[in-house]
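User: I'd like a close look at one part of this structure, and then a sense of how that part sits in the whole chain. Could you walk me through it?

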Amino acid sequence: LKQYNETFRQGRTISLLLAVVFGLIAFTRFLTVVPAGNVGVVDFFGSVSDKTLRSGINFRNPLARVIKFSIKTQQVFEVMAVPSKEGLTVNLDASVLYHLDPEKAAEVYKTVGVNFVEVILEPQFRSVCRGVTAGFEAKALYTSQRETLAQMISEDLKKTVSQRGIIVETTPLRKIELPRKVTDAI
């Protein structure tokens with residue numbers, strides 16, 4: 001009888017320990033951690049919540065997926081051949097510093113998806129750069145008008161992508177290479 005009681009207690013202790021472990025595992029399915037500098041979008045079998053989860057520990061439906069989007073400043077770097085006012089082709093190295101608007105992350109996920117940079121920002125950035133440089137003479141790109149060019153690109157890009165949830169911070173111009181004939185003439 002004593003041995004039976006001891007075995008019963010051990011079995012009961014193991015059962016209790018297993019129940020606690022199982023309970024903790026089940027409880028963690030109700031939690032998600034969104035890292036700092038990110039927001040989470042809750043997707044419950046195709047039904048996307050308009051409310052985004054902030055960084056930290058959040059409660060969630062255990063059957064829902066949480067898609068994490070970075071809201072940190074990021075950079076897209078482009079090397080492109082752009083036209084000048086006189087029809088010359090100029091090589092332009094430019095980048096755009098941007099971040100995702102945390103309030104519009106759910107809308108971006110619903111309408112574009114996680115690859116919003118490739119779908120929205122990169123094509124618009126190239127298009128705006130080509131459109132703006134076409135209004136400047138090639139030699140002006142080396143003068144004080146270079147800063148004006150960068151500001152115009154930034155303003156036009158902001159107008160184009162801000163309503164889609166992308167906030168453009170700045171568009172620095174890194175390098176401008178004029179055709180050899182123009183460089184020799186300058």
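Here is a walk through one helix, followed by the chain around it.

User: Please zoom in on helix α3: which of its residues are buried, and which elements do they pack against?

Analyst: Sure! Keep in mind that this is a predicted model. Helix α3 runs over residues 116–133, which makes 18 residues. From the first C-alpha to the last it reaches 25 Å, close to the 26 Å you'd expect at 1.5 Å a residue.

Now for the side chains. Near the start of the list of buried residues in α3 come Phe116 and Val117, then Ile120, Leu121 and Glu122. Further along, Phe125, Val128, Cys129, Val132 and Thr133 are buried as well. And what do these buried residues pack against? On the strand side, their partners are β5 (65–70), β6 (74–83), β7 (89–100) and β8 (166–170). On the helix side, they pack against α2 (105–111) and α4 (145–161).

Let's zoom out. The chain holds 5 helices and 9 strands, and along the sequence they follow the pattern α-β-β-β-β-β-β-β-α-α-α-β-β-α. The radius of gyration is 27 Å, well over the 16 Å that the globule rule gives for 186 residues, so the chain is more spread out than a compact globule. The box that its C-alpha atoms fill is roughly 105 × 30 × 20 Å along the principal axes. Across the whole chain, 36% of the 186 residues count as buried. As for contacts with a separation of 6 or more, 68% of them come from residues 24 or more positions apart.

Note on methods:
Residues numbered from 1 in each chain as written. Predicted model: local features only at pLDDT ≥ 70, side-chain atom pairs only at ≥ 80, totals over all residues. Heavy atoms only, no water. Helix = DSSP H or I, 4+ residues; strand = E, 2+ residues; numbered from the N terminus. Expected span 1.5 Å × (residues − 1). Buried < 20%, exposed > 50% of the residue type's maximum accessible area, 1.4 Å probe, protein only. Contact = heavy atoms within 4.5 Å. Rg over C-alpha atoms; globule rule 2.2 N^0.38 Å.
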